[in-house]
Amino acid sequence: MKLLHTMLRVGDLDKSIAFYTDVLGMQLIRRQDYEGGRFTLAFLGFGDGGAELELTHNWDTSHYELGTGYGHVALAVPDAYAACEAVSAKGGKVTRPAGPMMHGTTVIAFVEDPDGYKIELIEVKLSS
């Protein structure tokens, strides 16, 4: 088995794509409108063949309640402090600044996308 993607429903697809590409550095891999179903699917990723993020926009829905079951999407970053600075500089919202996690030493941070979904940034020394 292989993890293919995680899906999030979004209210403003263009705003969400801009956040994930311009603020977090993902690439838009493919986008498809389904006129009969009145929805659009956009798949984003880092172009490395890894798991993707599917954004689903139902044309007649502008907002979703996040509920209490959603946790977060996690991204590995080489420097969580620098990543938070970059997110802030690009207009993104940092909801938990970079620092060691409670009861541990791993450096983490949280940012929020335009729909309020939490994205965890985990400092990991990435191999080149």
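**A buried glutamate and its surroundings**

With a relative accessibility of 10%, Glu120 counts as buried, because buried means under 20% relative accessible area. The model in which this residue is seen is a predicted one. Glu120 has its place in strand β8. Leaving aside residues up to four places away in sequence, Glu120 touches His72, Val73, Ala74, Leu75, Ile108, Ala109 and Phe110. With one of these, His72, the contact is polar: the side chains of Glu120 and His72 are joined at 2.7 Å.

His72 itself lies in the loop between β4 and β5. Is His72 buried or partly exposed? Its relative accessible area is 39%, so His72 is partly exposed, since that class lies between the limits of 20% and 50%. Apart from residues up to four places away in sequence, His72 touches Phe110, Lys118 and Glu120. Phe110 is thus named among the contacts of His72 and also among those of Glu120. The UniProt record, an unreviewed entry, places the feature "binding site" at Glu54, His72 and Glu120.

The next element to consider is helix α2, which spans residues 80-89. Which residues of α2 are buried? They are Ala80, Ala83, Cys84 and Val87. Seen down the axis of α2, these buried residues fall within an arc of 100°, so they line one face of the helix. The spacing along the sequence can be understood from a general rule: an α-helix has 3.6 residues a turn, so residues three or four places apart point the same way. The face of α2 turned away from the buried side carries the exposed residues Glu85 and Ala89.

What covers the buried residues of α2 includes the helix α1 (13-23) together with β5 (73-77), β6 (93-100), β7 (107-112) and β8 (118-123). Strand β8 is also the place of Glu120. At the start of α2, a side-chain oxygen of Asp79 reaches to within 3.0 Å of the backbone nitrogen of Tyr81. Just after α2, Gly91 takes a positive phi of about 90°.

Two of the strands that help to cover α2, β6 and β7, are also partners of each other. They run antiparallel and are joined by five bridges. Within this pairing, Lys93 stands opposite Glu112 in β7. The two strands form a hairpin with six residues between them, and His103 in the turn has a positive phi of about 65°.

A further part of the structure is an open sheet of four strands, in the order β1-β4-β3-β2, with mixed pairing. Its edge strands are β1 (5-9) and β2 (27-34), each of which pairs on one side only. Neighbouring strands of this sheet are turned by 20° against each other on average, direction ignored.

Both senses of pairing can be followed in this sheet. At one edge, β1 pairs with β4 (residues 52-58) in the parallel sense, over five bridges; the bridge partner of His5 in β4 is Glu52. At the other edge, β2 and β3 (residues 39-45) run antiparallel and are joined by seven bridges. Here Tyr34 stands opposite Phe39 in β3. The hairpin of β2 and β3 has four residues between the strands, and in this hairpin Arg38 takes a positive phi near 60°. As a general guide to viewing such strands, in a regular strand the side chains alternate between the two faces of the sheet.

Definitions and conventions: Residues are numbered from 1 along each chain as its sequence is written. This is a predicted model: local features need pLDDT of at least 70, side-chain atom pairs count only at pLDDT 80 or more; totals for chains, interfaces and linings use all residues. Side-chain values use heavy atoms; hydrogens and water are left out. Two strands pair if DSSP finds at least two bridges between them. Axes are lines fitted to C-alpha atoms, for helices over the stretch in contact, and angles run from 0 to 180 degrees between N-to-C directions. Buried means under 20% relative accessible area, exposed over 50%, partly exposed in between (1.4 Å probe, protein chains only). The arc is that of the directions from the helix axis to the C-beta atoms. Contact means heavy atoms within 4.5 Å. A polar contact is a pair of N or O atoms within 3.5 Å; within protein, one must be able to donate a hydrogen and the other to accept it, and residues adjacent in sequence count only if both atoms are side-chain atoms. UniProt positions are given in the numbering used here, feature names are shortened, and annotations may be inferred rather than shown by experiment.
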